[in-house]
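Hello,

Here is the structure I promised to pass on to you. Please open it beside this email, and you can follow my notes as you go.

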Amino acid sequence: MSSLLVDNIGELVTNEAGRGEGGPLGIRRRAALLIEEGEVAWVGSAADAPAADRRIDADGAAVLPGFVDSHAHLVFAGDRAGEFAARMAGQPYTGGGIRTTVRATRAASDGELRATVRRLRAEALRQGTTTIEIKSGYGLTVADEARSLRIAAEVSTETTFLGAHVVPAEYADRPDDYVGLVCGPMLHAAAPYAKWIDVFCERGAFDVDHARAILACGQALGLGVRVHANQLGPGPGVRLGVELGAASVDHCTHLTDADVDALASTRFDCMCADGGHTTTVATLLPGAEFSTRSPYPDARRLLDARVTVALATDCNPGSSYTSSMPFCIALAVREMRMTPAEAVWAATAGGARALRRDDIGVLRPRARADLIILDAPSHLHLAYRPGVPLIRQVLHNGVPL
């Protein structure tokens, strides 16, 4: 059994609260970790490091769990750069541009879609994202949604059926008929390639009754629930997600006190070091606010209510064409009043909880050996030096890339 020692780590972020230095990151100084068969086998002081077949010298740099991007839309064709330019000139974002991408995606070949997915997945991996969730939602026909998820499943096990992204143009006057299609033939064709189901519960997309019906059908086929909620204004999406036991409600830009209370009510208290967490995660997507010049979510309000918060890119061609989790960390610190430690935790362990995973987003024995070595001495530099390529090396399943 081949082993790999990552040694001479100046600052090791384990995300094991109560271990190492105080706080949620469980920081260890002058540390090392041993990898065997794609998993972390040992974590401890560099002075006590065991022998290994191979060694990587971190040279005093910071080492973190790989980023977990729990919300991305990578299966599409074309771009919407013109729409972005119009928004920067003052045009408001309404979500209507999704149909532009739908037309381009339907016209694209499998090979073209596959090339885009692989390009963006590789781009994210170079920036430290070792786990990424991928949604459908730009096909909106039975065949196109199924092929989108089939292609997504080639690069990720975290795939999400988003046939309820918007009502396509051909059903504009028959939304009930489209909901019937989503709940029936489309869902059954897509489900073999999906782990999750999602709905854009928002004005101009799907109302709460349609969203509830679609999500319930997905649950009946064994899919986990996610919800696009409260992005464009206040609405019922967050509370619907809580009602249905969603793993995550995403965007959360416009929240009422009742929404925050509903999220906080899902708190699961346990004897673990961090004292528990909310079972429904609030996933914040600051890249969307950056790209649409919209108000940012109030992360501080959620954190103070002890709601579990994740950060994700929302990578898509219209409202957030970024695959960079470090960029989202910097935005969260600057614009959403998160501390650097809170933002790093949300981009790693928080994303893992949004996917209901305990084998990623953390560096401890038996966790997956997904980690990044920074070209910096501390996690603080991810926010302190925005826009600088600080990812020196990525290890995915224990394999240096």
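**Two helices and their buried sides**

Let me begin with helix H6 (residues 208–220): its 13 residues should span 18 Å at 1.5 Å a residue, and its end C-alpha atoms are 18 Å apart, so the two agree. Please keep in mind throughout that this is a predicted model.

Which residues of H6 are buried? They are His210, Ala211, Ile214, Leu215 and Gly218. These residues cover an arc of only 125° around the axis, which puts them on the same side of H6. On the face turned away from that buried side, H6 carries the exposed residues Asp209 and Ala220. As for partners, the buried residues of H6 pack against three strands, namely E9 (159–164), E10 (196–201) and E11 (224–229), and against helices H5 (175–190) and H7 (237–243).

Helix H3 (residues 110–126) can be read in the same way. With 17 residues, H3 reaches 24 Å from its first C-alpha to its last, close to the 24 Å expected at 1.5 Å a residue. The buried residues in H3 are Leu113, Thr116, Val117, Leu120, Arg121, Ala124 and Leu125. They cover an arc of only 160° around the axis, which puts them on the same side of H3. What do the buried residues of H3 pack against? Their partners are helices H2 (98–107) and H4 (142–152), together with strands E7 (129–132), E8 (134–135) and E18 (391–396). Just after H3 comes Gly128, which takes a positive phi of about 100°.

**A pocket and a cavity**

H3 also leads to the second largest pocket, since H3 and E7 each supply at least two residues of its lining. E7 gives the most to that lining, with three residues. The second largest pocket holds about 220 Å³ of space, and 13 residues line it. Nearest the centre of this pocket lie Arg121, Thr130, Val155, Ser156 and His396. Arg121 is thus worth a look from both sides of the story: it is one of the buried residues of H3, and it is among the lining residues nearest the centre of this pocket. By class, the lining of the second largest pocket has three nonpolar, six polar and four charged residues.

How many cavities of 30 Å³ or more are there? The count comes to one. The largest cavity has about 110 Å³ of space. Its lining is made up of 13 residues, with Tyr93, Ile98, His165, Asn316 and Ser319 nearest the centre. Four residues of the cavity lining are nonpolar, seven are polar and two are charged.

Two of the residues nearest the cavity centre, Tyr93 and Ser319, turn up again among the contacts of Thr292. Thr292 lies in helix H9 (residues 286–292). Is Thr292 buried or exposed? Its relative accessible area is 7%, under the 20% cut-off, so Thr292 is buried. Leaving aside neighbours within four places in sequence, Thr292 is in contact with Arg87, Tyr93 and Ser319. Thr292 and Gly90 are 202 residues apart along the chain, while their C-alpha atoms are separated by 9.5 Å.

**A few single residues**

Pro50 is found in the loop between strand E3 (39–45) and strand E4 (54–57). At a relative accessible area of 29%, Pro50 is partly exposed. Once its neighbours within four places in sequence are left aside, Pro50 is in contact with Leu5, Leu34 and Trp42. For Pro50 and Leu5, 45 residues of sequence separation go with 8.0 Å in space, C-alpha to C-alpha.

Finally, here are two backbone angles to check. Asn8, in strand E1 (residues 3–12), has a positive phi of about 60° although it is not a glycine. Asn8 counts as partly exposed, at 33% relative accessibility. Arg306 is not a glycine either, and has a positive phi of about 65°. Where does Arg306 lie? Its place is the loop between helix H10 (299–304) and strand E16 (309–311). Arg306 is partly exposed, with a relative accessible area of 47%.

Do write back with any questions once you have had a look.

Best wishes

Terms used. Residues numbered from 1 in each chain as written. Predicted model: local features only at pLDDT ≥ 70, side-chain atom pairs only at ≥ 80, totals over all residues. Heavy atoms only, no water. Helix = DSSP H or I, 4+ residues; strand = E, 2+ residues; numbered from the N terminus. Expected span 1.5 Å × (residues − 1). Buried < 20%, exposed > 50% of the residue type's maximum accessible area, 1.4 Å probe, protein only. Arc of directions from axis to C-beta. Contact = heavy atoms within 4.5 Å. 1 Å grid on protein atoms, 1.4 Å probe; cavity = no way out; pocket = protein on both sides within 12 Å on 5 of 7 lines; lining within 4 Å. Points joined across faces, edges and corners; volume = space filled by probe spheres on them. Nonpolar A, V, L, I, M, F, W, Y, C, P; charged D, E, K, R; others polar.
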